[in-house]
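Subject: Structure for you to look at

Dear colleague,

Here is the structure I promised to pass on, with the sequence alongside. Please have it open while you read the notes that follow.

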Amino acid sequence: MKQAEDLFTMDMYPQPLTEHLVPTPNKTYYRFYVKAHDGLTTEWCGLTRKQARDMYAYTSAHQPSNVIAFGWEEQS
């Protein structure tokens, strides 16, 4: 069975449609890294700013003995 042709749907949208589209801003992601004495670097990518800062604060307060450096930065 053939469906009836829709003649009214396009009338619901303003013309031209592209004038009403607003681009979404790019999200900024951060990276947290930990460097150990043996040269091993562990990193977590795709974090929010709060997650990266929380990881930094926790590592600063409870720093393991084998960690020589740690920090967070914005991903490019």
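Rings of Phe, Tyr and Trp, the last by its six-membered ring, are taken as a pair if their centres lie within 6.5 Å. On that footing the structure, which is a predicted model, holds three aromatic pairs, and I describe two of them here.

Phe 32 and Trp 44 form a tilted pair, with 5.8 Å from centre to centre and 40 degrees between the planes. Because Phe 32 belongs to strand S1 (residues 30-36) and Trp 44 to strand S2 (residues 41-47), this pair ties together parts that are twelve residues apart in sequence. The partners can also be described by their accessibility: Phe 32, at 1% relative accessibility, counts as buried, whereas Trp 44, at 38%, counts as partly exposed.

Another tilted pair is made by Tyr 56 and Phe 70, whose centres are 5.1 Å apart and whose planes are 45 degrees apart. Here Tyr 56 lies in helix H1 (residues 49-61) and Phe 70 in strand S3 (residues 67-74), so the pair links parts that are 14 residues apart in sequence. Tyr 56 has a relative accessibility of 35% and counts as partly exposed, while Phe 70 has 18% and counts as buried, because the cut-off for buried is under 20%.

Phe 32 and Phe 70 both reappear in the largest nonpolar core, which consists of seven residues, namely Tyr 30, Phe 32, Val 34, Leu 47, Ala 52, Val 67 and Phe 70. S1 and S3 each supply at least two residues of this core, and S1 gives the most, with three. As for Val 67, if its neighbours within four places in sequence are left aside, this residue is in contact with Val 34, Lys 35, Ala 36 and His 37.

Turning to the sheet, three strands in the order S2-S1-S3 form an open sheet with antiparallel pairing, in which S2 and S3 are the edge strands, each pairing on one side only. From one strand to the next, the twist averages 10 degrees. The antiparallel strands S1 and S3 are joined by seven bridges, and Arg 31 stands opposite Glu 73 in S3. Helix H1 packs on this sheet and touches S1, S2 and S3, its direction making about 165 degrees with that of S3.

With best wishes

Key. Residues numbered from 1 in each chain as written. Predicted model: local features only at pLDDT ≥ 70, side-chain atom pairs only at ≥ 80, totals over all residues. Heavy atoms only, no water. Phe/Tyr/Trp six-rings, centres within 6.5 Å; stacked < 30°, edge-to-face > 60°. Helix = DSSP H or I, 4+ residues; strand = E, 2+ residues; numbered from the N terminus. Buried < 20%, exposed > 50% of the residue type's maximum accessible area, 1.4 Å probe, protein only. Core = buried A, V, L, I, M, F, W, Y, C linked by side-chain atoms within 4.5 Å. Contact = heavy atoms within 4.5 Å. Pairing = 2+ DSSP bridges. Axes fitted to C-alpha atoms, helices over the stretch in contact; angles between N-to-C directions.
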